[in-house]
Amino acid sequence: MAADMRLPTIRKTVSLSASAFDRKDLVVPGDVITSDTGFMRGHGTYVDDDKLTASVAGEVQRVDKLICVRPLKTRFNGEVGDVVVGRITEVQQKRWKVETNSRLDSVLLLSSVNLPGGELRRRSAEDELTMREYLQEGDLISAEVQSVFSDGALSLHTRSLKYGKLGQGVLVQLSPSLIKRQKTHFHNLPCGASIILGNNGFVWLYPTPGQQEEEAGGFYTSLEPVSLSDREVISRLRNCLLALAAHKVLLYDTSVLYCYESSLQHQVKDILKPEVMEEIVMLTQQKLLEQEG
């Protein structure tokens, strides 16, 4: 059996400008944010000797007189309108429990889904009995946060045809803080695959579908064999996502596409090698800076 052996390589040190070291918006626990007493204390801060101090590592956010620290590594704190990818964990009376990478399981009510056929009507006892035919334990879904309960649990809905049960693809679990908020989180990438960037850090990669029948009401899942070329594209995208996440680069359609293009000179399996990962991410960051410039 052949083993892939690699000799240790000398890492090139990347020179950072002084401004990168003096960034005032990133703090660690114990850092003094401000000694001005005119500010209000928000999440992730405490007052010590009349100085506002950070209690978590993260990014300082100021809204008027309120200062809070957004942790860099945390569970998903959902807001109304967030797009999420989740996994059904339990079928209950008139509701499904969904794992969405938040502190508590989210809830998807039977009244918050489109029934197959798309008809709008009151949910009957018969619908309750057939709930497991629509979604059962282990199924993956895309949904939108409809409301937030008082205890912080999320209520989801899949009333739009773009949400619903997910078919064949790959789930990548990343930190929610790396997902950039955008107008749309559903992207058909020109490389031949589609991506759902869930605000909760769950990213779904799947082959770009053809014309889907709208009568499916979000429960249609294609079980056709996926071609080898599509599987290669999805595998490459998955490794690119892991490379970007390892170097803490924000994930959105442009950064993922630039990373994919930068990785084309390497084999799919080589993308996860540390030196290749570093090279690809550096090329991606250069492209993003050129685009902004």
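How are α5 and α6 oriented to each other? In this predicted model, α5 and α6 are oblique to each other. The legends below begin with an overview and then treat the helices, the annotated spans and selected residues.

**Figure 1. Overview of the predicted protein model.** The secondary structure of the protein consists of six helices and 17 strands. The protein has 293 residues, of which 41% are buried. Among contacts in the protein with a separation of 6 or more, 62% are between residues 24 or more positions apart.

**Figure 2. Close-up of the crossing between helices α4 and α5.** Helix α4 spans residues 228-246 and helix α5 spans residues 253-263. Their axes come within 9 Å and cross at roughly 110 degrees. That angle makes α4 roughly perpendicular to α5. On the α4 side, the contact is made by V233, R236, L237, C240, L241 and L244. On the α5 side, S255, V256, C259, Y260 and S263 take part. The handedness of the crossing of α4 and α5 is right-handed.

**Figure 3. Close-up of the crossing between helices α5 and α6.** Helix α6 is formed by residues 274-292. The axes of α5 and α6 come within 9 Å, and the crossing angle is roughly 130 degrees. An angle of 65 to 115 degrees would count as roughly perpendicular, and one over 145 as roughly antiparallel; α5 and α6 are therefore oblique to each other. The crossing of α5 and α6 is right-handed. In α5, the residues that meet α6 are T254, S255, Y258, C259, E261, S262 and S263. Their partners in α6 are I280, L283, T284, K287, L288 and Q291.

**Figure 4. Close-up of helix α5 and its surroundings.** Nine of the 11 residues of α5 are buried, so this helix is largely enclosed by the rest of the structure. The buried residues are T254, S255, V256, L257, Y258, C259, Y260, S262 and S263. Among the elements that cover them are strand β16, at residues 193-197, and the helices α4 and α6.

**Figure 5. Close-up of two spans annotated in UniProt.** An unreviewed UniProt entry places the feature "domain: Exosome complex component N-terminal" at residues 26-63. This span is 0% helix and 55% strand, and its end C-alpha atoms lie 16 Å apart. The annotation "domain: K Homology", also from an unreviewed UniProt entry, covers residues 169-208. Over residues 169-208, the chain is 0% helix and 45% strand, with 10 Å between the end C-alpha atoms.

**Figure 6. Close-up of S177 in the loop between β14 and β15.** The loop that holds S177 lies between β14, at residues 170-173, and β15, at residues 186-188. S177 has a relative accessible area of 19%. Buried means under 20%, so S177 is buried. The side chains of S177 and S175 are joined by a polar contact of 2.9 Å. Not counting residues up to four places away in sequence, S177 touches R70, P71, L72 and L250.

**Figure 7. Close-up of N199 in the loop between β16 and β17.** Strand β17, at residues 202-207, follows the loop in which N199 is found. With a relative accessibility of 6%, N199 counts as buried. Leaving aside neighbours within four places in sequence, N199 is in contact with F76, D82, V83, P176, I179, R181 and H185.

**Figure 8. Close-up of G164 in strand β13.** Strand β13 comprises residues 164-165. G164 is buried, with a relative accessible area of 9%. Although G164 and A143 are 21 residues apart along the chain, their C-alpha atoms are separated by 6.5 Å.

**Figure 9. Close-up of two residues with positive phi, D50 and K94.** Most residues other than glycine have a negative phi. D50 has a positive phi, near 60 degrees, and lies in the loop between β4, at residues 45-48, and β5, at residues 51-54. At 57% relative accessibility, D50 counts as exposed. Phi of K94 is likewise positive, near 60 degrees. K94 is placed in the loop between β8, at residues 83-92, and β9, at residues 95-99. The relative accessibility of K94 is 47%, which means that K94 counts as partly exposed.

Methods. Residues numbered from 1 in each chain as written. Predicted model: local features only at pLDDT ≥ 70, side-chain atom pairs only at ≥ 80, totals over all residues. Heavy atoms only, no water. Helix = DSSP H or I, 4+ residues; strand = E, 2+ residues; numbered from the N terminus. Buried < 20%, exposed > 50% of the residue type's maximum accessible area, 1.4 Å probe, protein only. Polar contact = N/O pair within 3.5 Å; in protein donor to acceptor, adjacent residues only side chain to side chain. Contact = heavy atoms within 4.5 Å. UniProt positions renumbered as here; feature names shortened; annotations may be inferred. Axes fitted to C-alpha atoms, helices over the stretch in contact; angles between N-to-C directions. Parallel < 35°, antiparallel > 145°, perpendicular 65-115°, else oblique. Left-handed = near helix turned anticlockwise from the far one by under 90°.
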